[in-house]
Amino acid sequence: AAKNISFDIERGDIFGIISSPAARKWVGIAILTLFYIANMLGMDVMAGLQKVMTWLLIGALLLFSIIGVFKIDLPIFDFTNSNFMPYGIMQFDNGVLTGGFFAAVFTFIGSTYGYGNVLGFGGQSKNPKKDIPWVMVMSAIIIAVLYVGVTIVAAGVMPIEEYGSSITLVYTAQKVLPLPLFIAFIVCGPVMALGTTLNASFSFSAITLAKACEDGWLPKKLAKKTEKGSFVWLNTILYGIGLVPMLFNFGVYTLVNQFSLLYTSVILVYLFAFYKLPDKFPKAYKASLPISIPCYKAICIVSIIIALLIVVKAAISMSTTIVVCSLVGLVVCIVLALWRTKTGDVTIYDSVWSDDEEENK
């Protein structure tokens, strides 16, 4: 029945009409353009659109999980079953990590980074010191519930072998949901997941880069705003960057691992700085964190180890050429930042959550 409404299940694509590479490319460009325009129309438009899409996405994943859990018929919790973890701890293909428990766990961790980006909206929040931490905690809980629920259903309804090369939930959704709910899930699930990511990425990245322009790391002219408060040049640059992987047909698997490699490498810098926080700023630490210093440092050490493992996982999941080019690019950015620190007019503010900039220098 699903095929009669243009869903091509055999190829694992959501819509059969965009099964060709050329069609996917142009549809992708159109979607990216849509969210570029939405962000250019101002924060109110972006936030309103994000709110609607987020609730639709949460509803779709909950629907899939709740209905699907009653249709599980595979022994996914039977650890002695011969089909449990069919790809083992790690699976390699021509020297590249392609599957297994290790890859799955650390890919999952990488996919949860986005909720921390809410920090970038501190300057637009009414009560950031109260709202931002609460949003981050609730986001982590919601992510854990939804992701675990969806994974249990996806693994328990049909064997992994039946998915073939598909990386979507289309197969499972077709088995779990009646046709009307299946259509609703496809629109509110995968499509909204893509939409919320693109929409928020534009806004968060532009705000973060604008702060870098204000501090002096980048030319201040790049932070030019429209009457609606949108960042003209920064959003346009981000739009151009977003076009690159589509125009050159970069694979999703490679992009995910490259993102994990670069983003986690930056996070490692943060984690080492966090570890030194009690020693560098003892008064600020005592005033803000209610846990003992040994406990705090232990948490930092565990976080550093996990981040290092994510970097290793990402590195061994890509070709040597891509890894080397990515790391070279990262090193170049670090060198430029150090050079800018010594030669530019850089003033770093410790917070974007206060109007008193002199106090926060």
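In which helix is the place of serine 203? Serine 203 has its place in helix H6, and the legends below begin with the whole chain before turning to close-up views. The model is predicted, so local features need pLDDT of at least 70 and side-chain atom pairs count only at pLDDT 80 or more, while totals for chains, interfaces and linings use all residues. Residues are numbered from 1 along each chain as its sequence is written, and side-chain values use heavy atoms, with hydrogens and water left out.

**Figure 1. Overview of the protein chain, with 11 helices and 2 strands.** Helices (H or I, at least four residues) and strands (E, at least two) are DSSP runs, numbered from the N terminus. Along the sequence, the elements follow the pattern α-α-β-β-α-α-α-α-α-α-α-α-α. Of the 361 residues in the protein chain, 32% are buried; buried means under 20% relative accessible area, exposed over 50%, and partly exposed in between, for a 1.4 Å probe and protein chains only. Among contacts with a separation of 6 or more, 66% join residues 24 or more positions apart, where contact means heavy atoms within 4.5 Å.

**Figure 2. Serine 203 in helix H6.** With a relative accessible area of 6%, serine 203 is buried. When neighbours within four places in sequence are left aside, serine 203 is in contact with Asn39, Met43, Met46 and Phe121.

**Figure 3. The crossing of helix H2 (residues 43–69) and helix H6 (residues 179–215).** The axes of H2 and H6 come within 8 Å and cross at roughly 140°. H2 is therefore oblique to H6. Axes are lines fitted to C-alpha atoms, for helices over the stretch in contact, and angles run from 0 to 180 degrees between N-to-C directions. Angles under 35 degrees count as roughly parallel, over 145 as roughly antiparallel, 65 to 115 as roughly perpendicular and the rest as oblique. The crossing of H2 past H6 is left-handed; a crossing is left-handed if the near helix is turned anticlockwise from the far one by less than a right angle, and right-handed if clockwise. The residues of the contact of H2 with H6 comprise 18 nonpolar, 7 polar and no charged. Here Ala, Val, Leu, Ile, Met, Phe, Trp, Tyr, Cys and Pro count as nonpolar, Asp, Glu, Lys and Arg as charged, and the others, Gly among them, as polar.

**Figure 4. A salt bridge between lysine 211 and glutamate 214.** Side chains of opposite charge can pair when their charged atoms come close. The structure holds 2 salt bridges, each defined as a side-chain nitrogen of Lys or Arg within 4 Å of a carboxyl oxygen of Asp or Glu. In this view, the side chains of lysine 211 and glutamate 214 meet at 3.4 Å, N to O. The two residues are 3 residues apart in helix H6, which means that about one helical turn separates them. Lysine 211 is buried, at 17% relative accessible area, whereas glutamate 214 is partly exposed, at 31%.

**Figure 5. A salt bridge between aspartate 279 and lysine 297.** The side chains of aspartate 279 and lysine 297 meet at 3.0 Å, N to O. Aspartate 279 lies in helix H8 (residues 252–280) and lysine 297 in helix H10 (residues 293–315), so the pair ties together parts that are 18 residues apart in sequence. Lysine 297 counts as buried, with 17% relative accessibility.

**Figure 6. The packing of helices H8 and H10.** The axes of H8 and H10 are 9 Å apart, and the helices pack at an angle of about 160°. H8 and H10 are therefore roughly antiparallel to each other. H8 passes H10 in a left-handed crossing, and the residues of their contact comprise 19 nonpolar, 5 polar and 3 charged.

**Figure 7. The surroundings of tryptophan 233 in helix H7 (residues 232–247).** Tryptophan 233 is partly exposed, at 44% relative accessibility. Residues up to four places away in sequence not counted, tryptophan 233 touches Lys221, Leu222 and Lys224. Lysine 221 is 12 residues from tryptophan 233 along the chain, and their C-alpha atoms are separated by 8.4 Å.

**Figure 8. The surroundings of methionine 40 in helix H1 (residues 21–40).** Apart from neighbours within four places in sequence, methionine 40 is in contact with Thr226, Lys228, Ser230, Phe231, Val232 and Asn235. Methionine 40 and lysine 225 are 185 residues apart in sequence, with 9.4 Å between their C-alpha atoms.
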